[in-house]
Structure formats: C-alpha cells, structure tokens
Amino acid sequence: MDLYDVLSEACHTPLTSEEIAELFHAGSFSDEPCRRVGARSWRTLDELFPLLKYDAGDYSATPKARESLSRSMMFPSACALIVLLLGSIAFFAWDRVRPLKRDGVFVTHRHQRTSVTRPAALVWPANNVSFQPTPYRASVADRTRFNQERLNAEQRQREQTARDQAALAERLRAEAAQRAREAQKAAGTDYHVPLDENYYIPMPGAGVWIKVHDDDVTSFDIWINGARYRDVPKEKGITHLRTDEKLVYNNGSTSLYYVWEIAGEINHCMLRVRQN
C-alpha cells in the first residue's frame, strides 16, 4: 500500500490514500503539497488525487468504480466541446456575410470586394519591419574609464598589501628584539675578575667594587665596597641552570652572583650580573 507525505499541521505521519480522502472530506485538507513516500518532488493533492473534489464518498473505491466515474464525466465534457465547435463555425459563417461599412459604403465579403485605403496614421511600417531597441555598446571613453578604475583598484590593493607586509615585518622585528632582550636579561653579563684585586663591576643603578680571595674548592672570601665576607660557600651546580650561582650582592634592580667554574681562567673567578 502506497503512503504519502502531506505538508499540513494536521498531518505528522505518512498517510494512505483512504486516510487522505477522509481528512479532505472532513475539511482538514484543502490543496496541501503532497508526495509519495520516497519521491523527491512535491505536488498538490489536486494533482495526485484529482477525484477528491468530486467524490464525497470513500476514496478507496475500486479502480472499476473510479473508471466508471471518469467515463460518466467524459460525456458532459464532450457535449460542451461539440457545442463550442458548432458555435465557432456559425460565428465564422456570419462574419463572412455580415455587411461592413467602409468609407460610407456597405459591402460584404461575398458580393463585392472593395480595396480600402487605410489612413496614413494607421499604416504599419513597410515590409513589416519591427522596431528593435538599439543594443547598448560601451564607448571608447567608457571602456577607458573602466580600465583605469580597475588599474587604480589593483594599485590600491598592492599598496595595502605592501603596508600590511611592512607592518608584519616590523612587528616580527620588535618581537625578535624583545626576545633577545629577555634572553640577554635571563643570561646576564659575565665578568672574569682577577683574584685578590679590587675590581669595579658596573651595574644598572649603582656599580660595586669587588675583591675575591679563593680559599679552596668549597668556599671563598669576598670584599664588597670594602666590607669583607668570609667563607662564602660555592654552589657546585649545573652550568646554565643557575644552580652554579651564589648570590653575593643585590642593589634592588640588579643582582651579582659568584659562578662556580670547572675550568676557568687561571687566577680569576667569574662574576655574573643579571637584572631582577
């Protein structure tokens, strides 16, 4: 049994033809879009079920009953077509013999043929030449202006692209410089200071005078601006991980570290300055 989808608020599931007929005669449907389940295109109820408007009874009638109904409807249609055809023939015959008044004289097609001169105002152009609108053709000036506008737009696009690329390059350069400053700040500045000698370490904010005496492999003595600090322990950590640094001075913005070296310069020690 075929099922149909109906686009209506009164229908939420596929219906059979009998159910559609019952809802149509009950007034729930008028001429909603409808299609067979699985079909792509939508049609109307009137197109799929043309007998709904004529059949007030059960739409599930047998095919023979529907065929009988169709044949009974064909006779009035055929009679109407015959009457229309006879009327057309009678009108054509009457039109051929009815008198016509041309230039004040009654003539008929059957008895007399008279050449009638039509007024000049009603004469159609010679040779049935019809007036056609002249197609628009762009002038040389229009085409030149169009080409110039296109070139100007392309030039503006190239200039904007160049500005965007320059801005991107500047941003990348600034980011690279910032990363370099941050890397330099993290790495700090190293100084190889001779042992047992006063040495000036420049530091942002305020420099400092340093003197270092190496006691042994575990400690050192250091003079900071003349003040002596004895037996300061060395940090024997891993290089570049800051575990080999010993903080010895801080002026608030910058710190000074003693760095333990496995193979350093003879009679020298390494001091490192790093911004906080």
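Two strands are taken to pair if DSSP finds at least two bridges between them, and the legends below apply this to a predicted model.

**Figure 1. The hairpin formed by β11 and β12 in the predicted model.** Strand β11, covering residues 245–250, runs antiparallel to strand β12, covering residues 254–259, and five bridges join the two. Within this pairing, K246 has Y258 of β12 as its bridge partner. Three residues lie between β11 and β12 in the hairpin, and G252, in the turn, has a positive phi of about 105°.

**Figure 2. The largest pocket and its lining.** The space in the largest pocket comes to about 160 Å³, and the residues that line this pocket are L195, D214, K234, Y258, V259, W260, E261, G264, E265, H268, C269 and M270. Two elements, β12 and β13 (268–275), give two or more residues to the lining, and β13 gives the most, with three residues. By residue class, the lining of the largest pocket divides into six nonpolar, two polar and four charged residues. Y258, which is the bridge partner of K246, is among the lining residues of this pocket.

**Figure 3. Two aspartates with positive phi, D196 and D231.** Most residues other than glycine have a negative phi. D196 has a positive phi of about 60° although it is not a glycine, and D196 is found in the loop between β6 (189–194) and β7 (199–201). With a relative accessible area of 42%, D196 is partly exposed, because this value lies between the limits of 20% and 50%. D231, also not a glycine, has a positive phi of about 45°, and its place is in strand β10, residues 227–233. D231 counts as exposed because its relative accessibility of 53% is over 50%.

**Figure 4. Two buried cysteines, C34 and C269.** C34 has a relative accessibility of 0% and C269 a relative accessible area of 3%, so both count as buried, the limit being under 20%. C269 is also one of the residues that line the largest pocket. The structure as a whole holds zero disulfides.

**Figure 5. The chain as the setting for the close-up views.** The secondary structure of the chain comes to four helices and 13 strands. Of the 276 residues in the chain, buried residues make up 20%. Where contacts join residues at least 6 apart in sequence, 35% of them are between residues at least 24 apart.

Key
Residues are numbered from 1 along each chain as its sequence is written. This is a predicted model: local features need pLDDT of at least 70, side-chain atom pairs count only at pLDDT 80 or more; totals for chains, interfaces and linings use all residues. Side-chain values use heavy atoms; hydrogens and water are left out. A disulfide is a pair of cysteine sulfur atoms within 2.5 Å. Buried means under 20% relative accessible area, exposed over 50%, partly exposed in between (1.4 Å probe, protein chains only). On a 1 Å grid over the protein atoms alone, a cavity is a set of points where a 1.4 Å probe fits but cannot get out, and a pocket is an open set with protein on both sides within 12 Å along at least five of seven lines; lining residues have an atom within 4 Å of a point. Grid points are joined across faces, edges and corners, and a volume is the space filled by probe spheres set on the points. Ala, Val, Leu, Ile, Met, Phe, Trp, Tyr, Cys and Pro count as nonpolar, Asp, Glu, Lys and Arg as charged, and the others, Gly among them, as polar. Contact means heavy atoms within 4.5 Å.
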